[in-house]
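Walk through this model with its aromatic rings, its core and its main pocket in mind.

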Amino acid sequence: MAWMQLIAGGIFIVIGLATMCVAVFGVYRFHYVLNRMHAAAMGDSLGILFIIFGLMILSGFHLSTLKLALIIVFFWLAGPVSSHMIGKLEVLINEHLKEECEVPEDGSL
């Protein structure tokens with residue numbers, strides 16, 4: 001049983017690391033700031049989910065598992081909010097943004 005737990009946890013951790021590595025390539029591949037931010041946010045959320053889920057499997061079901069689950073909830077609640085705020089800041093500050101994409105006249109998102 002311990003071997004199955006180790007293998008399952010290791011698989012989830014490797015999947016999470018691979019997801020985060022793909023997100024890094026996405027950040028460097030895209031030229032537009034909002035696309036880079038999207039690649040980083042998606043890879044970050046999914047990668048952290050897989051890594052922490054793998055750690056939950058490896059640690060067994062204890063109080064530490066609940067703490068790891070709360071970390072996942074915090075990242076999933078804080079990630080989209082911070083990404084939205086960074087995107088809104090980019091819309092308000094970047095003067096050349098209208099050349100690259102459609103932006104509402106009042107700058108709202």
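**Rings, core and pocket**

Phe-53 has a relative accessible area of 35%, so this residue is partly exposed. The model is a predicted one.

Start with the rings. A pair of aromatic rings is described by the distance of the centres and the angle of the planes. The structure holds three aromatic pairs. In one of them, the ring centres of Phe-12 and Phe-53 are 4.9 Å apart. Their planes meet at 85°, so this pair is edge-to-face. Phe-12 belongs to helix H1 (residues 2–29), while Phe-53 belongs to helix H2 (residues 33–59). The pair therefore ties together parts that are 41 residues apart in sequence. Phe-12, at 23% relative accessibility, is partly exposed.

Another pair joins Phe-74 and Phe-75. It too is edge-to-face, with 6.1 Å from centre to centre and 65° between the planes. Is Phe-74 buried or exposed? Its relative accessible area is 53%, so Phe-74 is exposed. Phe-75 stands at 35% relative accessibility and counts as partly exposed.

Return to Phe-12 and Phe-53. Together with Phe-50, they form one aromatic cluster.

Now turn to the core. In soluble globular proteins, nonpolar side chains tend to be buried together. Here the largest nonpolar core has five residues: Ile-48, Ile-52, Met-56, Leu-68 and Ile-72. Which elements give two or more residues to this core? They are H2 and H3. H2 gives the most, with three residues.

Follow Ile-72, a member of this core. Set aside its neighbours within four places in sequence, and Ile-72 is in contact with Leu-49, Ile-52, Phe-53 and Met-56. Among these partners, Ile-52 and Met-56 are core residues themselves. Phe-53 is the partly exposed residue met at the outset, and it sits in the aromatic cluster as well.

Last comes the pocket. The largest pocket encloses about 260 Å³ of space. It is lined by 14 residues, and those closest to its centre are Ala-41, Ser-45, Gly-79, Pro-80 and Ser-83. H2 and helix H3 (63–93) each supply at least two residues of this lining. Which element provides the largest share? H2 does, with nine residues. By chemical type, the lining divides into nine nonpolar residues, four polar and one charged.

H2 runs through each part of this account. It carries Phe-53 of the pair with Phe-12. It gives the most residues to the largest nonpolar core. It also brings the largest share of the lining of the largest pocket.

Technical notes: Residues numbered from 1 in each chain as written. Predicted model: local features only at pLDDT ≥ 70, side-chain atom pairs only at ≥ 80, totals over all residues. Heavy atoms only, no water. Phe/Tyr/Trp six-rings, centres within 6.5 Å; stacked < 30°, edge-to-face > 60°. Helix = DSSP H or I, 4+ residues; strand = E, 2+ residues; numbered from the N terminus. Buried < 20%, exposed > 50% of the residue type's maximum accessible area, 1.4 Å probe, protein only. 1 Å grid on protein atoms, 1.4 Å probe; cavity = no way out; pocket = protein on both sides within 12 Å on 5 of 7 lines; lining within 4 Å. Points joined across faces, edges and corners; volume = space filled by probe spheres on them. Nonpolar A, V, L, I, M, F, W, Y, C, P; charged D, E, K, R; others polar. Core = buried A, V, L, I, M, F, W, Y, C linked by side-chain atoms within 4.5 Å. Contact = heavy atoms within 4.5 Å.
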